[in-house]
Amino acid sequence: MTQNRYSDAECAAVYRAIFERRDMRHFLSDPIDPELLLRLLNAAHHAPSVGFMQPWRFMRISCPKLRKAIHALVEQERIRTAEALDERKDEFMKLKVEGILECPEVLVAALCERREQYIFGRRTLPEMDLASLACAIQNMWLAARAEGIGLGWVSMFEPEALKTLLNMPEDSQPFAVLCLGHVDKFYDKPMLEQEQWADRKDLKDLLFENVWNTPCR
């Protein structure tokens with residue numbers, strides 16, 4: 001056993017948060033304590049970041065009118081997505097995305113402007129700033145699950161329209177609308193699996209060794 005390892009109980013808590021994290025769509029209206037919200041944001045702020053550039057920005061949406069406008073953008077894209085799904089359109093339209101109006105806290109996660117000045121870690125892979133933002137969101141997600149707070153990641157929106165709505169700089173980029181709030185219960189399975197939309201792939205089918213598409217031994 002390595003001397004740097006957490007205790008068995010601490011390890012179990014970390015893995016429990018990972019495996020019980022859910023993309024939530026149903027929320028209670030009870031407010032989140034400000035200190036708790038700050039803890040969740042601080043967890044995001046301490047995410048690993050390529051080149052230590054910390055490209056993430058979080059906008060808290062406290063204006064009811066603005067929240068409704070964001071919801072309208074999401075609904076527009078939801079309809080467009082449904083149309084693109086053809087034979088699964090009716091199934092898709094039954095999936096709930098009303099969390100933006102129900103949850104007590106809405107955050108927009110975005111990439112900041114002037115990212116081109118950061119070379120370390122993104123000279124050949126500029127997408128690494130998005131990887132850093134994803135790490136920040138996942139940090140928040142796991143911390144939220146440990147605190148008993150639900151988080152839903154909404155990605156159905158037209159980015160340019162949301163940028164305009166939020167008066168964001170030209171070279172910034174919104175990537176997620178995050179819904180945060182107390183929940184009655186966490187789903188037993190991921191919602192899309194629970195609603196029989198899709199199943200999680202087996203790890204063995206996603207793990208290769210040395211050469212692409214060569215299964216690990």
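In this predicted model, E160 and K163 form a salt bridge whose closest N and O atoms lie 3.9 Å apart. The pair just satisfies a cut-off that asks for a side-chain nitrogen of Lys or Arg within 4 Å of a carboxyl oxygen of Asp or Glu. Both residues belong to helix α7, which covers residues 159-166, and because they are three residues apart there, about one helical turn separates them. Their surroundings are worth a look as well. E160 is partly exposed, since its relative accessibility is 42%, whereas K163 has a relative accessible area of 5% and is therefore buried.

Two further pairs can be followed in the same way. R25 bridges to D23, and the closest N and O atoms of this pair are 2.8 Å apart. R25 counts as buried because its relative accessibility is 10%, the limit for that class being under 20%. Its partner D23, at a relative accessible area of 28%, is partly exposed. R122 and D129 make another salt bridge, with 3.0 Å between the closest N and O atoms. Here both partners, R122 and D129, are buried.

Salt bridges also join into a network, in which R16, E20 and R145 are linked. Across the whole structure, the search returns 15 salt bridges. As background, side chains of opposite charge can pair when their charged atoms come close. Turning to the overall charge, the protein carries 29 positive and 34 negative charges, and the mean positions of these two sets are 1 Å apart.

These pairs sit within a fold of eight helices and six strands. From the start of the sequence to its end, the elements run α-α-β-α-α-α-β-α-β-α-β-α-β-β. Among the contacts with a separation of 6 or more, 78% are between residues 24 or more positions apart.

The overall dimensions complete the picture. Along the principal axes, a box of roughly 55 × 45 × 40 Å holds the C-alpha atoms. The radius of gyration is 19 Å, which agrees with the value near 17 Å for a compact globule of 217 residues. Of the 217 residues, 35% are buried. The exposed area of the protein comes to about 13,800 Å², and carbon and sulfur atoms supply 54% of this area.

Note on methods: Residues are numbered from 1 along each chain as its sequence is written. This is a predicted model: local features need pLDDT of at least 70, side-chain atom pairs count only at pLDDT 80 or more; totals for chains, interfaces and linings use all residues. Side-chain values use heavy atoms; hydrogens and water are left out. Helices (H or I, at least four residues) and strands (E, at least two) are DSSP runs, numbered from the N terminus. The radius of gyration is taken over C-alpha atoms; the globule rule is 2.2 Å times the number of residues to the power 0.38. Buried means under 20% relative accessible area, exposed over 50%, partly exposed in between (1.4 Å probe, protein chains only). Contact means heavy atoms within 4.5 Å. Accessible areas come from the Shrake-Rupley method with a 1.4 Å probe; for residues, only the protein chains shown count as cover. Lys and Arg count as positive and Asp and Glu as negative; His and the chain ends are not counted. The place of a charge is taken as NZ of Lys, CZ of Arg, CG of Asp or CD of Glu.
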